[in-house]
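Welcome, and please open the model in your viewer. We will walk through it stop by stop, selecting a few residues each time.

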Amino acid sequence: MKQIMARKNAKHILLPSVRCTSAVLDYAKLTDNPADELVAVLNANRTAHKSSSLADNPGLACIALQYIKAYQGDCEAVGESDAKKPPDSEFAQTFAPNCGVDASTLSPITGRFLGCQSKYVQPSEAFSMLIKNEKSLEILYNKNQTEIGAAVTGTDGGAPYFWCVLLSNGKHNSSFVLEDGVAKISRPGCFSGANDDCSGADVSSPFGHKWVYAVTAFIAVGYAFGYDHSL
């Protein structure tokens, strides 16, 4: 499968260095789950730019995994502004029920980042793939964002590998509420916030580390959705 490439006219972005403060390291002491690690990298970059950390919502993260699965392994469907994407109606009709999320508690999706690669990359590299330009950074650092959910999965026991991050401005503890208090685990694939060790067998790639260290610089080459103010 072809790797997703940035637009020819897209500007490469060099992000400033992020200090490994004790707070960042505490946040990054996670289960062996690459989706959790990606959230830690994203939050480290937010706090380095004077924005607050986002609450990791497992209901939203599970929906991010369902969002990936809607592509049915079609990496080429992920692309630029004319790329295919699941209908917004799928959030309430399919994604929420599959995750055990109360559909009445769905909040607006205010940012979506989606990427696909023919090989597995580490979470810090996935950040570089997903955050590609000024618009992506504007979405990530927006102070109105409150919640985040991330997911990663391989397809049919291997490549391609999809990464998805959903952002919302919902209220903590009252949006994307899980009907039974626990998100439905769906394999293959990993999603953040579930306190779940997601082994290599779940995404068809080894994840060897549990600590995420802030990366000094990233060059963005992925694809990011713009704002979406309604489901």
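Two strands count as paired if DSSP finds at least two bridges between them. With that in mind, select strand E1 (residues 55-56) and strand E3: two bridges join them, and they run parallel. Keep in mind throughout that this is a predicted model.

**Stop 1: strand E3**

Select residues 147-155, which make up strand E3. To see where E1 meets this strand, click on Ala55, which stands opposite Glu147. How many of the nine residues of E3 are buried? Nine of the nine are, so the strand counts as mostly covered, buried here meaning under 20% relative accessible area.

Now show the side chains. In a regular strand, side chains alternate between the two faces of the sheet. Here Glu147, Gly149, Ala151, Thr153 and Thr155 point one way, while Ile148, Ala150, Val152 and Gly154 point the other way. Residues on both sides are buried.

**Stop 2: the neighbours of E3**

Add strand E4, residues 158-168. E3 and E4 pair in the antiparallel sense over eight bridges. Next add strand E5 (residues 190-191), which is also antiparallel to E3, with two bridges. Which residues are the bridge partners of Val152 in E4 and in E5? In E4 the partner is Trp163, and in E5 it is Cys190.

**Stop 3: strand E2**

Select residues 109-117 for strand E2. Nine of its nine residues are buried, so the strand is largely enclosed by the rest of the structure. E2 pairs with E4 in the antiparallel sense, over eight bridges. Click on Arg112, whose bridge partner in E4 is Leu166.

**Stop 4: two salt bridges**

Stay on Arg112 and add Asp88. These two form a salt bridge, with their closest N and O atoms 2.9 Å apart. The pair links distant parts of the chain, 24 residues apart: Arg112 is in strand E2, and Asp88 is in the loop between helix H3 (58-69) and helix H4 (89-99). Is Arg112 buried or exposed? Arg112 is buried, with a relative accessible area of 1%, whereas Asp88 is partly exposed at 24%.

The count of salt bridges comes to two, so move on to the other one, between Lys135 and Glu138, at 4.0 Å from N to O. Both residues lie in helix H6 (residues 134-141), three residues apart, which is about one turn of the helix. Lys135 is partly exposed at 39% relative accessibility, and Glu138 is partly exposed at 44%.

**Stop 5: aromatic rings**

Select Tyr67, Tyr71, Phe91, Phe95 and Phe162 together, and you have one aromatic cluster on screen. The count of aromatic pairs comes to seven.

**Stop 6: two unusual backbone angles**

Most residues other than glycine have a negative phi. Where is Lys50, whose phi is positive at about 65 degrees? Lys50 is found in the loop between helix H2 (34-48) and E1, and this residue is exposed, with a relative accessible area of 71%.

Then jump to Phe176, where phi is near 55 degrees, again a positive value in a residue other than glycine. Phe176 lies in the loop between E4 and E5 and counts as buried, at 2% relative accessibility.

**Last stop: Ser174**

Ser174 also lies in the loop between E4 and E5, and counts as partly exposed at 40% relative accessibility. Add Ser107 and draw a line between the two C-alpha atoms: these residues are 67 apart in sequence and 9.2 Å apart in space.

Key
Residues are numbered from 1 along each chain as its sequence is written. This is a predicted model: local features need pLDDT of at least 70, side-chain atom pairs count only at pLDDT 80 or more; totals for chains, interfaces and linings use all residues. Side-chain values use heavy atoms; hydrogens and water are left out. Buried means under 20% relative accessible area, exposed over 50%, partly exposed in between (1.4 Å probe, protein chains only). Helices (H or I, at least four residues) and strands (E, at least two) are DSSP runs, numbered from the N terminus. Rings of Phe, Tyr and Trp (its six-membered ring) pair if their centres lie within 6.5 Å; planes under 30 degrees apart count as stacked, over 60 as edge-to-face and the rest as tilted. A salt bridge is a side-chain nitrogen of Lys or Arg within 4 Å of a carboxyl oxygen of Asp or Glu.
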